[in-house]
Structure formats: C-alpha cells, structure tokens
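Got your viewer open? Take a slow walk through this one with me, one selection at a time.

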Amino acid sequence: MWKTRRDFWLFILPGLSIYAVFFLFPIAQALWYSLYQWSGFGSGKFVGLDNFITLLSDIIVIISIKNTLIFILLSFTFMLPLSFLLANSIAKLSPSPSASFYSVVIFLPCIVASVAVSQMWEIILNRNFGVITYFMLNLFGTKGPNWLGDENLVMYTIIFVNTWQWTGLSMLIFSAAIKNVPKELYDAAEIDGAGSLQQMIWITVPMVSKTIMINMLLITFGTLRAFDIIFIMTDGGPLDASQMPSFYMYLITFKYLQFGPGSALAVLILLLAIISYVGIRVIFLIIPIIVSANARANQAAIMKYKKRLSQ
Amino acid sequence: MRKIIGIVLACFFYATSTFGVTLDFYHLWPKGGPTISDDCLWDGVETFEAENSDIKINWMPDPVDQWDVKIKAMYSAGKLPHVFATQPADFQSFKDAQLVRKLNDVIADDPDWGIIPGSHKTIYNPDDGGIYGIAFSGYFELIYYNQKLFDENGLEYPKTWDELLNVVDTFVDAGIIPFATGGKDGWIVSIQSHYLMDREVGFDYFYDSLMGGKRENTWDNPGYIRAFDRLAKLAKHGAFGDNVLANGYGDGASLFYSGQAAMFLMGSWEINSAKDSENAEHIRMGNYVSIPGGQGDQTAVTRGYGKSFAIRAGLSDEEDKAAVKFLKHITSKEVSLCQLEGGELTGTILPEGATPDVPRLMIEHFDIFDNAKSSWAAYGEFTLPAMYGEWNKMGQQLMAGKIDGKEAARYLEEQRLKIHFNE
C-alpha cells in the first residue's frame with residue numbers, strides 16, 4: 001500500500017506527534033511522578049513504589065475501586081439490557097415517525113452537559129427543597145429516603161442518574177447495529193416458527209455481539225473517568241461513600257497538593273482500564289468459541305440421533 | 001518598495017506604541033459576582049484602564065473552586081500571570097519557589113498607599129522578611145442568627161456551651177434546624193471545630209499544631225479530644241439537621257435565609273446575601289459560645305485576610321512598573337471604601353474624611369470584634385492543604401457519629417506526623 005517505508009512514517013507523523021505529545025508524554029510523566037513525593041513546588045524526593053503501597057492501604061482507594069465495580073456491574077445489568085430493548089423496540093417501529101420521535105426523546109439527555117444533568121438531579125433529589133421531597137411530604141407525610149445523604153444509598157442514586165443520562169447513547173449504538181442485521185434472517189426464522197422473543201435472542205443478540213462489547217467498553221471507561229457527576233452531586237460523600245478513582249485522584253493531586261500519590265492513582269486507573277479492556281475482549285473471544293463448540297456438539301448429537309433412528 | 005517598507009514599519013511602531021503593556025490578571029472576583037468585591041474590583045480595573053491607556057488589563061476571573069485548582073497548577077508549572085490572587089495556605093507551599101515578587105520596596109516607597117499594618121502577615125515569609133502580597137479581602141467568621149426564631153421559641157442567643165445545648169434541643173423539638181451547615185463542603189465543618197479547638201487550648205497551641213512545626217503540639221491532646229467530642233455531641237443533639245453531609249454551602253445558606261434554620265456560622269462575606277434575604281430584618285450577629293474550663297480566650301473572634309494580590313517575579317522593568325502601578329490602584333483607599341460599604345473587610349485604610357455607609361450587620365461584626373479580647377486568622381490560612389483535607393474528613397465523620405473525639409484526634413495526629421515529619 002505504501003510506496004516506501006518513509007511514506008508510511010510521513011503519513012502517520014502528524015497524528016503520531018499529537019498523540020505522543022498529548023497522550024504518551026503525560027502518561028510517561030505520570031509514571032515518573034508516581035515514584036516521587038512531590039508537592040508540586042520545587043523538586044521532589046524519590047520514594048520508589050511507596051506511593052503505590054500507601055494507596056493500596058488507603059481505605060478511600062479501596063472504597064473507590066469497590067464503587068467502580070458496583071457502578072460497572074449495575075450498568076451492565078440495567079443500562080445495557082434497557083438500551084438494547086429500547087433499540088429493538090424502536091427498530092420494530094421503524095420506519096414510522098414515532099420511531100424517530102422516541103429515539104430523539106431517549107437520546108436527548110446525552111446532549112445535555114453532564115454538569116447540567118448532575119445539577120438538575122441534585123436539585124430534584126435535594127432533601128430540603130427538592131421536588132421529590134415535596135411530593136413525598138404531600139403524599140406520604142415523610143421526606144422518604146435520603147437519596148444523596150445516605151451512605152448506603154448514594155451510589156445507587158448516582159448510578160440511576162448516570163443510567164438516565166447515557167442509556168440513549170447505548171441505544172443509538174445498538175440501533176445502528178440492529179439496522180444492519182439482514183432482514184432475511186428474521187424472515188427465515190419466522191417461517192421456522194420463531195416468535196419475537198426467540199428472534200431477538202437467537203438472531204439479534206448474536207448479530208450485535210460486537211456492539212454489546214463496544215457498549216461494555218464505553219461503560220467501563222466512562223465509569224473509570226467518572227468525575228463531573230460526583231463533583232457536582234456529592235463531592236465524594238457522604239463520608240467518602242461515593243468516591244470514585246478519578247475524583248479522588250483530583251482531590252489528592254490538586255486539593256491536597258500530593259502529586260506523587262495522585263500520579264500513582266492515575267497509573268492505577270490506567271492499569272484498571274487496560275485490565276478491563278483485555279478482560280472484556282477475552283470474554284468476547286471465548287463466548288463465540290464456546291457457543292460454536294456447543295452448536296457443533298448439538299449438531300453431532302442430532303446427527304447421531306437421526307442415524308440411530310434410520311437404523 | 002521603500003514606501004511599502006516605510007508604511008509597514010510605521011504600522012508596526014504605531015501598533016506597539018498603542019498596545020504598550022498587557023498584564024494578565026488572574027483572580028476570583030467575576031464581574032457581577034455575588035460579593036461586593038466583584039463590583040469594586042471591576043470598577044477599579046475600568047478606572048485604571050481609563051487613566052492608563054498604555055496598560056491593558058487582561059481580566060481573567062474564575063469561580064473560586066476553579067481558581068483554587070488552576071492557580072496551584074500555574075505555580076507548579078512556573079507559569080504565573082503578571083498579577084494574581086493568592087491565598088495564605090498556598091503561600092506556605094510556594095514561598096521557597098521564588099516565583100513571586102517581594103513587595104517590601106514598593107510598600108516602603110509609598111507611605112500614602114494606606115496598607116493596614118499586619119494585614120499581610122499571612123503572606124509574609126519570616127525567613128527572608130519578605131512581604132509577597134497585598135491583602136484584598138478580609139473576613140470575620142461569626143454566627144448569623146434569626147432573632148425572630150429565637151423570640152418565637154422563648155430563647156436568648158446563647159453565650160455558654162450549656163446554653164447552646166439548650167438552644168439546640170429547643171429548636172430541634174420545634175422542628176427547626178439549629179445550625180444551617182453545608183457539611184458536604186468539609187471546610188464548613190472545620191469552621192465549627194476551629195472555634196471549639198481554639199477555645200479549648202488557646203491560639204498559640206492551636207496555631208503551632210496546625211502549622212505542624214512544633215513536634216510537641218500534637219493533635220491527640222486532651223483539649224482537641226474534648227473539642228471533637230463537643231462537635232460530635234452537637235451533631236448527636238441534632239444541631240445540624242438530618243441531611244448535613246449532603247448539604248453543600250449553598251444549601252446551608254438557603255436553609256438559614258429561608259428561616260428553616262436558626263443559626264449560620266459563616267464568614268462576613270455573607271453580609272451581602274444576608275441583607276438581601278427574605279429574613280434580613282431578623283438577622284443578627286453573635287460570637288461563638290464560651291467553653292467551660294477552656295484554656296483559650298473565650299471571646300476570641302476568627303478574623304483574617306484570606307485573599308491577596310501578588311506579582312510574578314522576574315518581569316521586565318516595563319511590565320513590573322505597570323504591575324506595581326496596577327496593584328496599587330486595585331488596593332487603593334477608594335476601592336477599599338467601596339468594599340467596606342458593601343460589607344467586606346479590606347487591607348487598606350479608607351480615604352481621609354470618608355464617612356462610609358456601612359451595612360448594619362457589618363457594624364454588628366465590628367461591635368463583637370470590639371468586645372473580643374483577641375482575634376485570629378482562620379485555620380485555612382496556615383494549614384497545609386493535605387492536613388486540612390484530613391481535618392475536614394474527620395469533622396464529617398464526627399458529625400455522622402461514626403467516630404468519637406479520641407479516634408479523630410489519633411487519626412489526625414498520625415496524619416500530622418506523616419505530612420509534616422514524613423513519619
């Protein structure tokens with residue numbers, strides 16, 4: 001494709017330079033700082049892996065990683081199926097105008113800035129002046145759960161708000177994938193007597209499996225860098241119950257001026273992202289192998305059964 | 001060709017002579033912002049530009065949270081603006097970095113400037129005797145209270161700890177939040193514990209333990225344990241309401257101004273909002289209560305200068321001259337008068353013969369200050385950010401009833417040794 005090796009490098013040089021300056025260099029710098037104790041002023045002191053050891057014994061880091069796992073798992077459990085079902089339902093309505101209408105309505109929260117969404121929900125859920133408190137008081141005579149003030153509830157409230165905002169994006173990605181599934185497959189399934197549910201399970205899901213993976217990756221990376229929703233709605237509280245790694249990294253780096261541990265946490269987040277990426281890719285490599293092995297085994301069993309019948 | 005070159009050169013010289021010096025001015029007082037200093041500063045800049053056509057001011061305000069982070073990043077990168085707002089806690093960290101201009105010569109050269117002696121003590125480096133900033137906005141931290149709610153519940157403003165507990169219990173029984181507190185923002189919790197700690201041990205001990213310099217001034221001393229237990233006790237009595245850790249600063253203020261809460265321990269920067277609130281006529285000012293057996297001055301008031309203006313070191317002569325001129329203008333007696341009339345303390349004296357129209361609440365602030373035997377700067381002015389971060393965290397834990405005073409004190413002492421002595 002390339003005439004010479006030099007052409008190849010010339011073509012990728014602009015993009016590579018930008019990538020190196022704005023991505024690779026800061027990552028290398030964070031790695032470097034993570035080995036130092038440095039307040040941001042003057043020169044730092046080399047401490048080796050001490051920052052990592054301190055971080056791993058920091059209860060807030062543990063809480064933030066636990067919150068990240070809960071966030072990701074609950075998003076996989078609720079946001080992913082919900083967005084898939086919505087995309088599937090809208091695909092059924094397509095090409096009627098109502099399909100476009102529902103798509104726009106569900107996608108609308110995604111185009112609003114996260115800061116505005118977080119602020120809006122903070123006001124709605126406000127224990128003193130919020131709309132929900134108002135209705136609860138008028139209908140039931142009680143303020144109801146303390147959505148953002150109860151340390152056992154706050155993470156679920158945040159996950160709900162996040163799901164409300166980003167389901168539309170996942171749905172849109174699924175919609176694009178579902179549109180590309182050949183219609184003949186559904187026609188053939190219908191002739192074979194498959195109902196809507198069976199068609200969805202045995203045709204749509206396998207055909208959009210790559211998209212499921214992309215959505216899972218987007219949810220995972222989005223969660224690892226969750227910042228604005230935490231910053232606006234809870235500030236990591238109450239009592240650090242809603243701490244997330246990115247937000248805690250910001251706190252210790254820029255609020256407490258501990259650049260060493262802050263950089264070490266950034267490196268940990270990067271490692272978590274790499275592990276998640278590899279994990280999800282591996283899962284999606286293994287599933288088709290298992291499914292096809294299972295199908296081959298089924299096929300072989302059927303053949304064996306038919307052979308026995310014919311004898 | 002010569003003509004063209006001549007025209008180009010003429011344009012170039014005209015352009016450079018017209019622009020003169022441009023000064024980047026980074027701060028936290030946006031035009032039309034909530035405090036009176038916002039407007040006073042903007043007016044000051046406008047008049048300065050009108051009087052000095054050769055100096056252009058690049059006005060760069062940011063909200064306080066963003067400013068707090070960005071200015072630290074600027075220090076770290078060694079890329080400070082020409083003139084900028086700074087705060088004492090940051091100064092503790094950057095004073096050795098030699099990025100900021102010493103102002104001693106400028107102050108000595110202009111005795112008419114009117115700087116209040118001592119107003120720059122928090123941005124003073126005792127190691128080199130250098131004054132590195134001019135105070136722009138000062139504050140008191142006192143209790144705003146709603147007299148109407150006190151009257152309706154047959155209460156008087158408390159002067160002692162026991163009276164305070166009685167007031168808290170009575171308000172809780174009446175369904176009124178005793179203290180409007182935005183505990184989500186840890187610094188608000190620390191204002192409360194600051195008073196309790198200072199009252200228990202006295203400012204000298206308090207100051208040294210916060211600065212961290214004296215090893216023997218520990219955080220797990222009996223006085224601090226008692227202070228932390230008192231904070232926990234207040235919370236247990238319901239002094240801060242049932243949503244204290246989810247309420248932010250703004251929520252706390254709204255609870256007080258709307259009459260849902262009876263008291264609000266906050267800085268004098270709230271005067272403007274207080275005098276415009278729906279309960280303005282009922283709002284009064286009170287000092288923090290005295291603590292039985294406390295070693296500190298039981299009348300002491302928290303008062304200080306939070307934000308100052310500084311000039312970057314290493315500017316060219318022309319830029320430096322312009323920056324000094326600008327600094328003098330925005331901290332002039334005229335700007336000071338404007339701020340005081342809006343209810344803010346300043347670092348500069350008033351013009352001779354000025355009869356300022358000061359808000360009632362500001363006068364009440366001064367009355368309490370007159371009756372106090374001493375006044376001290378707030379903790380944020382001399383505590384390292386990492387330490388007050390931990391302190392804020394413990395305050396929240398105490399308010400939530402998760403730990404007792406002893407546990408909080410022990411944890412903070414561990415952190416002090418780690419942060420100040422690398423142990």
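Here is a short tour of some charged pairs and one pair of packed helices. Keep in mind that you're looking at a predicted model.

**Stop 1: across the chains**

Side chains of opposite charge can pair when their charged atoms come close. Over all chains, a search of the whole structure turns up 16 salt bridges. Let's visit a few.

Select K184(B) and E122(A). They form a salt bridge, with 3.1 Å between the closest N and O atoms. This pair crosses between chains: K184(B) sits in the loop between β7 (177–179) and α8 (186–201) of chain B, while E122(A) belongs to helix α5 (residues 114–125) of chain A. Are these two residues buried or exposed? Both K184(B) and E122(A) are buried.

**Stop 2: along helix α3 of chain B**

Next, pick K72(B) and D68(B). Their side chains meet in a salt bridge, 3.2 Å from N to O. Now show the ribbon for helix α3 (residues 64–77) of chain B: K72(B) and D68(B) are 4 residues apart in that helix, so about one helical turn separates them.

How accessible are they? K72(B) has a relative accessible area of just 1%, so it is buried, since the cut-off is under 20%. D68(B) comes in at 9% relative accessibility and counts as buried too.

Don't clear your selection yet. Add K255(A) to it, and you have a network of salt bridges linking K255(A), D68(B) and K72(B).

**Stop 3: along helix α17 of chain B**

Move on to R416(B) and E413(B). Here's another salt bridge, its closest N and O atoms 3.0 Å apart. Which helix holds them? Both lie in helix α17 (residues 405–421) of chain B, 3 residues apart, which is about one turn of the helix. R416(B) is buried, and E413(B) is as well.

**Stop 4: two helices in chain A**

Time to hide the side chains and look at ribbons. Two packed helices are described by the angle between their axes and the distance between the axes.

Select residues 59–93 of chain A, which make up helix α3, and residues 154–179 of chain A, which make up helix α7. These helices pack at an angle of about 40°, their axes 7 Å apart. That angle makes α3(A) oblique to α7(A). Rotate the view and look at the crossing of α3(A) past α7(A): it is right-handed.

Finally, bring the side chains back and colour the contact by class. What will you find where α3(A) meets α7(A)? The contact has 19 nonpolar residues, 9 polar ones and no charged ones.

Note on methods:
Residues are numbered from 1 along each chain as its sequence is written. Chains are lettered from A and ligands numbered from 1 in the order in which they are written. This is a predicted model: local features need pLDDT of at least 70, side-chain atom pairs count only at pLDDT 80 or more; totals for chains, interfaces and linings use all residues. Side-chain values use heavy atoms; hydrogens and water are left out. A salt bridge is a side-chain nitrogen of Lys or Arg within 4 Å of a carboxyl oxygen of Asp or Glu. Helices (H or I, at least four residues) and strands (E, at least two) are DSSP runs, numbered from the N terminus. Buried means under 20% relative accessible area, exposed over 50%, partly exposed in between (1.4 Å probe, protein chains only). Axes are lines fitted to C-alpha atoms, for helices over the stretch in contact, and angles run from 0 to 180 degrees between N-to-C directions. Angles under 35 degrees count as roughly parallel, over 145 as roughly antiparallel, 65 to 115 as roughly perpendicular and the rest as oblique. A crossing is left-handed if the near helix is turned anticlockwise from the far one by less than a right angle, and right-handed if clockwise. Ala, Val, Leu, Ile, Met, Phe, Trp, Tyr, Cys and Pro count as nonpolar, Asp, Glu, Lys and Arg as charged, and the others, Gly among them, as polar.
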